[in-house]
Structure formats: C-alpha cells, structure tokens
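User: I'd like to practise reading features from a protein model. Could you take me through it step by step?

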Amino acid sequence: MNLNKMKTMLKDSWIKNSMDLPFFLILLLVLSIGLVMLLSSSYFYAYYNVKGNNPLHYFTRQLFFAVLGLGIMYVVSKFDYHQLRDLSVFGMGIALLLLLVVLLVPSEDGIKRWLGVGPITFQPSEVAKFVLILFLARGLDKDYRKLTSSKLSKVPFAQSLYEMSGKKILITQGTTTLFYYLFIVLVIAVLVLAESHLSGTILVLGIGIIMLWLGEGRMRWFVIGAVLAAIAITVVILEYDNIPLLRDYMAERIKAWLDKDYEPTGARWQTNQSLYAIGSGGFFGAGLGNSKEKYLYVSEPQNDFIFAIVCEELGFVGATGILLLYGALIWRGVMIGMRARDRFGALIAFGMVLHLALQVALNVAVVTDTLPNTGIGLPFFSYGGSSMLICLVEMGVVLSVSRQANMPKVYTFKKSKKRKVQRNTETF
C-alpha cells in the first residue's frame, strides 16, 4: 500500500467518525448569544439582589457551567452511544431514587425541587428527563416487534380476558408494551408533580408522548389519548379552583392567565411586564443593553422570562433570528436522527432535539401569555447550572450519534481535486 493511499484511507476514516460540524457551530452560536443576553438582562438585578452587589454574579456562574458543559459535551460526543443502552437502566434507577430523596427534603412552602451536595445544588427532575429519553429509546428499540405486534399479549391478565370473553377481546402485545412504557412515564411525572414542579411534569409527559410516538405505537391510542387530554385540560381550565391536585399557586396562575385584569400588581405582574417589554421592543428593538423592563420590572429577568428582554433589546427581527437558530439546530438534529446508524441512535437523537424544541416552544408561549406561567426556562439562555449541563450533555449525545451517521460532516463540504463528492450525499 503506497503512502498516498494510506493517507486517503486515514482521512476518510477520520471524516467518517467526526462529529457533525453544522450542528456544533449552530449550538455554539446559540450558546454565545444566550450568554450575552444573560449578562445584559441580569447585571442590574444581580447588583441589587445578590450579596456583595456583584453585577456579574449570574453571568460568571453561567459562563463557568457553559465552559464545563462544553467540555463534558465533547467527552460524551467521543463515546460510542451504544454504551448508553445498558447505562440507561442503571440511570433510571438513580433518577427514581433522586426523585424520591428530594421529596424528603424539608420545605416550608411544600416546593421540593433541589438537592444539594456541598456547595452544588441540582434538580433531580433535570436528570430524570435526560435518563427517560435514554431508557425509552433503549426499550422501544429492544421491544420494537412487540410494540408493533397484533398477536395476543403474553400478560396473564390479557390471556385470561381473551379466554373469558370467548376469544372476542384481544389485548395485543403492542398494547401491553405501549402501556408498560407509558406507566414508566407516568411514575416519573407523578414524582415530579409531587415536588410542586408543574413545568417539569409537563415536560416529562411531553417527552414520554414524543418518544412513544417515535416508537411507532398504535395510532388509535394516541387519538384516544389526545381526546382524553383535551377533556382533562378543559376541566382544569373550567374547574381549577376545585381540583385538589392543583396547589394554590397553580390555580392562581391559571386564573391570572384567564383573567387579564386579575391582580395587575400581583399574579399578573410578571406576565404584564413581559408583554410591555415585548411591545416596547418594536421591530428592531431598543438596542443591546437598553432594556428598561430589566430594571426590577420583569421579576428575575435572567430566568424564565429572559426572552422578553431579548424581544425588548433586539426587537422582532432579533427574536425571530434567535428562534430561527433554534429551528436550524433542531432541524440539523432531526437530520442526524434520520441518518443514524441504527434505530437506537435515531430515537435518542430525535428525543434530545425534540425535548429542546418542546422546551423552547413552551417558554416562548409562557412569555407571550399564550400559556399560563409555568416556570419553564429557555435552553442556553435562562440562568441555571444544572439545566445548562444537562442540555449540553444531551447535545453531546446527539453529536455522538452524528459520528456514526451516514451524512457529510466536516471535510466533505470541500471538493477534492482527486474525487468529486456526489450531490446526492449532500444534506446541508
């Protein structure tokens, strides 16, 4: 073998196993803009509300977690994602244990979302969402034939019912498999709801439904589920004061969403100030750093309502550009899933980026008063170390899938003098 041929083989092997450059670059751009907007939105609030009057408090902490998260993301991207198949079972056990432990933490207001290990605090619900995607991807890949099977289920109850009904009522393997994984989702959702974490519960249920849909469960169950969900949402909206499962603050937020004149200096304050910020931004915005609403009008502007400050400072054009960047990142992640080496890789890539899409959509809906205030952060923008780390780890998993995906990633964008890249292989 001559030297040139060996170089070509090594180069082709490196290209094949490299991570997806477009996805990585778009992610870096979104993260960078997010850090700039966090600095702009938080420095005044930090100066007046953080001990020591440090205006850079939130920014420096977020920058630390961003750099740490990027390092972890790169390490995760180098791992063979197939190793996550078995680790997901262990991870599910750890996630369930953490969700139970956090409920034992004393709390005066009944809100139990955080666990502390020395100076480090984190939300077990963030870990649970990540692990749930991996666990469902493993199970829905392993049990794919069962999930799509029309044969009689081997579950004793199903077989007994089949015999007792004179072989007229048949519960299929597909049905029992779907409901088994739905049960896992509901267990996690109930534990998160017990923390008084409504936004986390919504995200867990959303992730579960998306993964089961991707797993190709029977369509009729999704139709039935959609009808039941619509009925449940209608009942909650109409009877929120009479539902024991809803805590007082949850019911109040629903009331404030329905009644736009309700407590303008109380329950409606944050949402109203958010709308003022969006409206005052106009088409081109007031300019970076020139928001007025961040001066103690929008409550905690560095958190869930940071997008309102984005709209005020960057205007419709800037906010739309950021949403388009999110869209490009999600689209590229979907492309990675579509070109994944196997079903497991496709499911985890789809799950990770669609989790991102769901969280962005819900945050924007809350900030614009399309949905009640539920406390959902904007990925890579809102302040929060554990959320930042988990989001970047998820992106690392997508990059790991991309290393084995059948798609151009880095050097295939350049035309070689010795050989031409076929047009039908170019996807970006």
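User: Let me start with a helix. What should the 19 residues of H15 span at 1.5 Å a residue, and how far apart are its end C-alpha atoms?

Analyst: Happy to help, and do keep in mind that this is a predicted model. The general idea is to compare an expected span with the one in the coordinates. At 1.5 Å a residue, H15 should span 27 Å, and its end C-alpha atoms are 27 Å apart, so the two agree.

User: Is H15 enclosed or open to its surroundings, and why?

Analyst: Here we count buried residues, those under 20% relative accessible area. In H15, 19 of the 19 residues are buried, so the helix is largely enclosed by the rest of the structure.

User: How does helix H5 read by the span test?

Analyst: H5 covers residues 124-142 and reaches 26 Å from its first C-alpha to its last, close to the expected 27 Å. H5 is also mostly covered, with 17 of its 19 residues buried.

User: Let's step back. How many helices and strands does the protein chain have?

Analyst: There are 15 helices and two strands. Of the 428 residues in the chain, 46% are buried. For the surface, the chain exposes about 22000 Å², and carbon and sulfur atoms supply 66% of that area.

User: What share of contacts joins residues at least 24 apart?

Analyst: The idea is to look at sequence separation. Among contacts between residues at least 6 apart in sequence, 72% join residues at least 24 apart.

User: Now charged pairs. How many salt bridges does the structure hold?

Analyst: The structure holds seven salt bridges. For each, we look at the atom distance, the location of the partners and their exposure. One of them pairs Asp-141 with Arg-85, with the closest N and O atoms 2.7 Å apart. That pair links distant parts of the chain, since Asp-141 is in helix H5 and Arg-85 is in helix H4, 56 residues apart. Arg-85 counts as partly exposed because its relative accessibility is 23%.

User: How far apart are the closest N and O atoms of Glu-126 and Lys-129?

Analyst: Their salt bridge has those atoms 3.5 Å apart. Glu-126 and Lys-129 are three residues apart in helix H5, so they are separated by about one helical turn. Glu-126 is buried, at a relative accessible area of 8%, and Lys-129 is buried too, at 2%.

User: Which parts of the chain does the pair of Asp-369 and Arg-268 link?

Analyst: First the bridge itself: the side chains of Asp-369 and Arg-268 meet at 3.1 Å, N to O. Asp-369 sits in the loop between H14 and H15, while Arg-268 sits in the loop between H11 and H12, 101 residues apart. Both residues are buried. Shared partners also join Lys-260, Arg-268 and Asp-369 into one network of salt bridges.

User: What about a polar residue such as Gln-359: is it buried or exposed?

Analyst: We check accessibility, then look for partners. Gln-359 is in helix H14 and is buried, with a relative accessible area of 5%. A polar atom of its side chain lies 3.3 Å from the backbone oxygen of Gly-377. Leaving aside neighbours within four places in sequence, the contacts of Gln-359 include Lys-129, Leu-203 and Ser-387.

User: Let's finish with nonpolar cores. How many residues has the largest one?

Analyst: In soluble globular proteins, nonpolar side chains tend to be buried together. Here the largest nonpolar core has 91 residues, and those with the most contacts inside it are Leu-132, Tyr-326, Phe-380 and Phe-381. Helix H13 gives the most to this core, with 14 residues. Not counting residues up to four places away in sequence, Leu-132 touches Met-92, Ile-184, Val-185, Ile-188, Val-204 and Ile-207. Another core, of six residues, lies apart from the largest one, and Ala-251 is among its members.

User: Where is Ala-251 found, and with which residues is it in contact?

Analyst: Ala-251 is found in helix H11 and is buried, at a relative accessible area of 9%. Outside its neighbours within four places in sequence, Ala-251 is in contact with Tyr-240 and Asp-241. The C-alpha atoms of Ala-251 and Tyr-240 are separated by 5.6 Å, although the two residues are 11 apart along the chain.

Note on methods:
Residues are numbered from 1 along each chain as its sequence is written. This is a predicted model: local features need pLDDT of at least 70, side-chain atom pairs count only at pLDDT 80 or more; totals for chains, interfaces and linings use all residues. Side-chain values use heavy atoms; hydrogens and water are left out. Helices (H or I, at least four residues) and strands (E, at least two) are DSSP runs, numbered from the N terminus. Buried means under 20% relative accessible area, exposed over 50%, partly exposed in between (1.4 Å probe, protein chains only). Contact means heavy atoms within 4.5 Å. Accessible areas come from the Shrake-Rupley method with a 1.4 Å probe; for residues, only the protein chains shown count as cover. A polar contact is a pair of N or O atoms within 3.5 Å; within protein, one must be able to donate a hydrogen and the other to accept it, and residues adjacent in sequence count only if both atoms are side-chain atoms. The expected span of a helix is 1.5 Å times one less than its number of residues. A salt bridge is a side-chain nitrogen of Lys or Arg within 4 Å of a carboxyl oxygen of Asp or Glu. A nonpolar core is a set of buried Ala, Val, Leu, Ile, Met, Phe, Trp, Tyr and Cys residues joined through side-chain atoms within 4.5 Å.
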